[in-house]
Amino acid sequence: MSTLKLTLQRSKVLQLTLLALFVIVSAASVYLTDRSVIAFILLLGSLLLLYYTSLTNGMKWAVAGLLLILIIPFATSGGPSHESYMEVATQCGIYVAMALGLNIVVGFAGLLDLGFVAFFAIGAYTYGIFATGQANNFIPGDLFPLSGGTFWIFIILGGMMAALFGVLLGLPVLRVKGDYLAIVTLGFGEIVRIIFNNLEKPVNITNGAMGLSSISPPNLFGLQFTFPHQFYFIVLGILAFVIFGVRRFEHSRIGRSWKAVRENEIAAQSMGIPLIRTKLTAFAIGASFSGLMGVVFAAKQTFIDPSSFTLLESTTILVMVVLGGMGSVPGVILGAVLVTLLNLQVLSEFTGWLNQLSMQGVITLPNALSPVKMQRFIFGAILILIAIFRPHGLISARNRKVDIQQVKEESAHEHSQSAGPRQKVRRADGR
């Protein structure tokens, strides 16, 4: 067994072959069945298997792009459940982007944020107000709603508005940390939700608790985006940008500054890291990713109201980050996908199956353990088990490995270059 494992680890061709067989079997199962949650999860799980292979990063990205752009959309198009599959995949992408944004604040910078969904709401309302006739209430000229073509501009505007409010949130909380920071951010999230819920007077801006309906869907070159499989590709494009940005930030100077602040603020400040600018940058960048997806959410749902942006949503996103592994980009992606699949597909299908067995008289369940009530119980039990057996997350954060010998050689080379001119000067002086 150990010999087979060692052979598999060393042979990239064998790994790629086994991965291809797994993808073919799972994709065929999804394509040939009307609706199979297990087959769809296995197909998405091929991305996790790809992560654990020893292929080069370039090869992994190429294979992942092939899976996400071609194989998954094609495999899910074989039956009547195509749109439901794409809806789940789109929701996974939205939550992954939001979790990566929160990971910058919590995982990289160590700033606990319990009101992160507020930035999601800001992005959604930024587009929703102007993509409906609501803006005519405070802007004269009957210019609204704007066409769906402005959606692509509002993706940037939504991110910028969320980043602005991220800075506004960061300014008053720079002097607090730990539990007090959690309380302040929780209050900010509730304040934003309550403002949107009551901002229908004296000037009706958000339409209050009634929400905004008939939001203009995106439009590009005459093609209107109204179906989940169309939004899937929009989310995929934004998600690629978010992942690329997060990876670049993680290994940049600002990323190292975030991690230094997370470990010890006093030590980081003594090393010359500006605390105020570093924290504000973390809040702004993390919030901007949430604002981007808020615009997509408003356009996809075509209806938003304050009840979509509750404390439970902020807690769910934080659970994704902690469950996957704080500070770990692949871990956060896995945590977001896992929690989304559990909530949208796995637990609902499982409790529905139990409900059918109960109605048919196969099993008898007391009212206290009815399938509907058991869904949240099972979800909580899964989170507890993962926290016990994987306390650092499903994929814990790992620092970039440094070759010590290479560092010594570079240091010796730099030292020799700097010592050369001094020797020449000494020889010229005759000393």
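Is Glu 349 buried, exposed or partly exposed? With a relative accessible area of 35%, Glu 349 is partly exposed. The legends below take this residue and others in turn; bear in mind that the model is predicted.

**View 1. Arg 35 and Glu 349 meet in a salt bridge.** The N to O distance here is 3.3 Å. Arg 35 sits in the loop between helix H2 (12-32) and helix H3 (37-51), while Glu 349 belongs to helix H14 (residues 329-359). That puts the two partners 314 residues apart, so this pair links distant parts of the chain. Like Glu 349, which is partly exposed, Arg 35 counts as partly exposed, at 39% relative accessibility. The structure holds 7 salt bridges, and two others get their own view next.

**View 2. Arg 247 and Glu 250 pair up within helix H9.** Their side chains form a salt bridge at 3.4 Å, N to O. The two residues are 3 apart in H9 (residues 228-250), which means about one helical turn separates them. Glu 250 is buried, with a relative accessible area of 5%, whereas Arg 247 counts as partly exposed at 37%. Also worth a look is the salt bridge between Glu 263 and Arg 262, at 3.1 Å from N to O. Glu 263 counts as exposed at 59% relative accessibility, and Arg 262 is partly exposed at 30%. Salt bridges with shared partners join Arg 247, Glu 250 and Lys 259 into one network.

**View 3. Two lysines sit over aromatic rings.** Lys 259, already met in the salt-bridge network, has its charged end over the ring of Phe 108, 5.7 Å from the centre. Elsewhere, Lys 60 lies over the face of Tyr 51, and the distance to that ring centre is 5.6 Å.

**View 4. Tyr 127 is one of the best-connected residues of the largest nonpolar core.** This core has 82 residues, and those with the most contacts inside it are Tyr 127, Met 293, Ile 304 and Phe 309. What does Tyr 127 touch, leaving out residues up to four places away in sequence? The list takes in Gly 148, Thr 150, Phe 151 and Phe 154, then Ile 215, Ser 216 and Pro 217, and finally Val 295, Ala 298 and Ala 299. Apart from this core lies another one, of 16 residues, including Ala 39, Cys 92, Leu 236 and Leu 341. As a general backdrop, nonpolar side chains tend to be buried together in soluble globular proteins.

**View 5. Tyr 125 and Phe 309 form a tilted aromatic pair.** The ring centres are 6.2 Å apart, with 55° between the planes. Tyr 125 lies in helix H6 (residues 117-130) and Phe 309 in the loop between strand E4 (303-304) and helix H13 (311-324), so the pair ties together parts that are 184 residues apart in sequence. Both residues are buried. Phe 309 also turns up among the core residues with the most contacts. In the structure there are 20 aromatic pairs.

**View 6. Phe 130 and Phe 138 meet edge-to-face.** Here the centres are 6.5 Å apart and the planes make an angle of 75°. How exposed is each partner, Phe 130 and Phe 138? Phe 130 is partly exposed, at 23% relative accessible area, and Phe 138 is partly exposed too, at 32%. Both rings belong to one aromatic cluster, along with Tyr 127, Phe 144, Phe 151, Trp 152, Phe 154 and Phe 225. Tyr 127 thus links back to View 4, where Phe 151 and Phe 154 are among its contacts.

**View 7. Helix H13 has a span close to the expected one.** With 14 residues, H13 reaches 20 Å from its first C-alpha to its last, close to the 20 Å expected at 1.5 Å a residue. Which of its residues are buried? They are Ser 314, Thr 316, Ile 317 and Leu 318, followed by Met 320, Val 321, Leu 323 and Gly 324. Just after the helix, Gly 325 takes a positive phi of about 130°.

**View 8. Leu 70 is an exposed residue of helix H4.** H4 covers residues 57-76, and Leu 70 counts as exposed at 51% relative accessibility. From its C-alpha to that of Gly 158 is 29 Å, with the two positions 88 residues apart along the chain.

Key. Residues are numbered from 1 along each chain as its sequence is written. This is a predicted model: local features need pLDDT of at least 70, side-chain atom pairs count only at pLDDT 80 or more; totals for chains, interfaces and linings use all residues. Side-chain values use heavy atoms; hydrogens and water are left out. A nonpolar core is a set of buried Ala, Val, Leu, Ile, Met, Phe, Trp, Tyr and Cys residues joined through side-chain atoms within 4.5 Å. Buried means under 20% relative accessible area, exposed over 50%, partly exposed in between (1.4 Å probe, protein chains only). Contact means heavy atoms within 4.5 Å. Rings of Phe, Tyr and Trp (its six-membered ring) pair if their centres lie within 6.5 Å; planes under 30 degrees apart count as stacked, over 60 as edge-to-face and the rest as tilted. Helices (H or I, at least four residues) and strands (E, at least two) are DSSP runs, numbered from the N terminus. A charge sits over a ring if NZ of Lys or CZ of Arg is within 6 Å of the ring centre and within 35 degrees of the ring normal. The expected span of a helix is 1.5 Å times one less than its number of residues. A salt bridge is a side-chain nitrogen of Lys or Arg within 4 Å of a carboxyl oxygen of Asp or Glu.
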